[in-house]
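Student: Could you walk me through one part of this predicted model in detail, and then show me how that part sits in the chain as a whole? I'd like to follow the contacts from one residue to the next.

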Amino acid sequence: MIFNTIWNNHKSHLHNFIKTKIDNDYIVNDIMQEVSIKLLDNINRKTEIKNYRNWLFQVARNTIADYYRKYKKHTNLVAENTELNSESTTCVCDLSGFVIQNYLPEKYGKPLYLSDIEQKPQQEIADILQLSLTATKSRIQRARKQLKELISDCIEVTYNTKGQISDFQLKKYCELPPELKNEMERLNISL
């Protein structure tokens with residue numbers, strides 16, 4: 001009973017979030033199923049979860065990252081003999097959060113992190129930061145612009161037909177900061 005209530009309250013938002021990270025409906029459904037199993041397992045073990053929404057999104061992010069790590073190992077083997085197709089991508093979900101938190105001014109980084117990484121509604125972000133909704137929207141837009149400029153200085157980004165990032169390459173003249181290299185290594189992301 002509690003599982004159905006929690007799952008039905010969050011599954012559509014969770015599904016939309018996962019679809020922004022993965023461009024394959026079958027894999028999206030597999031990840032949704034894995035997240036639901038983990039939720040059921042934690043409910044059965046009576047694990048204390050204070051905020052189910054945040055917990056579900058974090059589990060989804062981790063499951064997506066696991067998928068990409070596993071998929072990357074597989075594609076590295078395939079890439080030796082064949083060209084990668086347009087659906088192969090590297091997970092940047094955790095790296096994006098790191099860049100937002102460490103390279104944008106907090107004034108802009110915090111609202112963007114809450115919006116794009118934690119998937120919180122903008123009104124909720126405005127309440128958390130004690131800002132008007134208009135100011136919150138403005139800061140999020142400015143942060144996105146700053147992030148895009150920061151990224152485009154060093155990274156060549158390629159997009160798929162849905163406007164999602166499909167590939168990225170380090171520009172030849174750009175040297176990444178050591179802490180960013182360490183985080184990329186920790187997440188098994190390479191350029």
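Tutor: Let's start with Gly 97, which sits in helix α4, the helix spanning residues 93-103. Keep in mind that everything here comes from a predicted model. Gly 97 has a relative accessibility of 4%, so the residue counts as buried. What does Gly 97 touch, once residues up to four places away in sequence are set aside? The partners are Tyr 113 and Ile 117. For Ile 117 there is also a backbone distance: its C-alpha atom lies 6.2 Å from that of Gly 97, although 20 residues separate the two along the chain.

Those contacts lead us to helix α5, which covers residues 106-117. Both partners of Gly 97, Tyr 113 and Ile 117, are among the buried residues of α5. The other buried residues of this helix are Tyr 108, Gly 109, Pro 111, Leu 112, Leu 114 and Ser 115. A reminder that helps when reading such a list: an α-helix has 3.6 residues a turn, so residues three or four places apart point the same way.

Next comes the packing of α5 against another helix. Two packed helices are described by the angle between their axes and the distance between the axes. Here the second helix is α7, residues 133-154; the axes of α5 and α7 come within 8 Å and cross at roughly 95 degrees. An angle of 65 to 115 degrees counts as roughly perpendicular, so α5 and α7 are described as roughly perpendicular to each other. On the α5 side, the contact is made by Lys 107, Tyr 108, Pro 111, Leu 112, Ser 115 and Asp 116. On the α7 side, Arg 139, Ile 140, Arg 142, Ala 143, Arg 144, Gln 146 and Leu 147 take part. By character, the residues of this contact divide into six nonpolar, two polar and five charged.

Ser 115 deserves a pause of its own. This residue of helix α5 is buried, with a relative accessible area of 9%. Leaving aside its neighbours within four places in sequence, Ser 115 is in contact with Ile 140 and Arg 144, and also with Lys 120, Gln 122 and Ile 125. Ile 140 and Arg 144 are the α7 residues we just met in the helix contact, while Lys 120 takes us to the stretch that follows α5.

In that stretch, just after α5, Gln 119 takes a positive phi of about 60 degrees. Around it in sequence there is a small story of charges: Glu 118, Lys 120 and Glu 124 are linked in a network of salt bridges. Glu 124 and Lys 120 meet at 3.4 Å, N to O. For Glu 118 and Lys 120, the closest N and O atoms are 3.9 Å apart; the cut-off for a salt bridge is 4 Å, so the pair is counted. How exposed or buried are the members of this network? Lys 120 counts as buried because its relative accessibility is 10%. Glu 118 is partly exposed at 22%, and Glu 124 is partly exposed as well, at 32%.

Elsewhere in the chain, Lys 19 and Asp 25 also join in a salt bridge, with 2.9 Å from N to O. Lys 19 is partly exposed, at 30%, and Asp 25 is partly exposed too, at 46%. The total comes to five salt bridges.

Finally, let's step back to the whole chain. It has eight helices and two strands, arranged along the sequence as α-α-α-α-α-α-α-β-β-α. Strand β1 runs over residues 155-159 and includes Ile 155, which counts as buried at 16% relative accessibility. Of the 191 residues, 37% are buried. The chain exposes about 12100 Å², with carbon and sulfur atoms supplying 50% of that area. Among contacts between residues at least 6 apart in sequence, 55% join residues at least 24 apart.

Notes:
Residues numbered from 1 in each chain as written. Predicted model: local features only at pLDDT ≥ 70, side-chain atom pairs only at ≥ 80, totals over all residues. Heavy atoms only, no water. Helix = DSSP H or I, 4+ residues; strand = E, 2+ residues; numbered from the N terminus. Buried < 20%, exposed > 50% of the residue type's maximum accessible area, 1.4 Å probe, protein only. Axes fitted to C-alpha atoms, helices over the stretch in contact; angles between N-to-C directions. Parallel < 35°, antiparallel > 145°, perpendicular 65-115°, else oblique. Contact = heavy atoms within 4.5 Å. Nonpolar A, V, L, I, M, F, W, Y, C, P; charged D, E, K, R; others polar. Salt bridge = Lys/Arg side-chain N within 4 Å of Asp/Glu carboxyl O. Areas by Shrake-Rupley, 256 points an atom, 1.4 Å probe, with all protein chains shown as cover.
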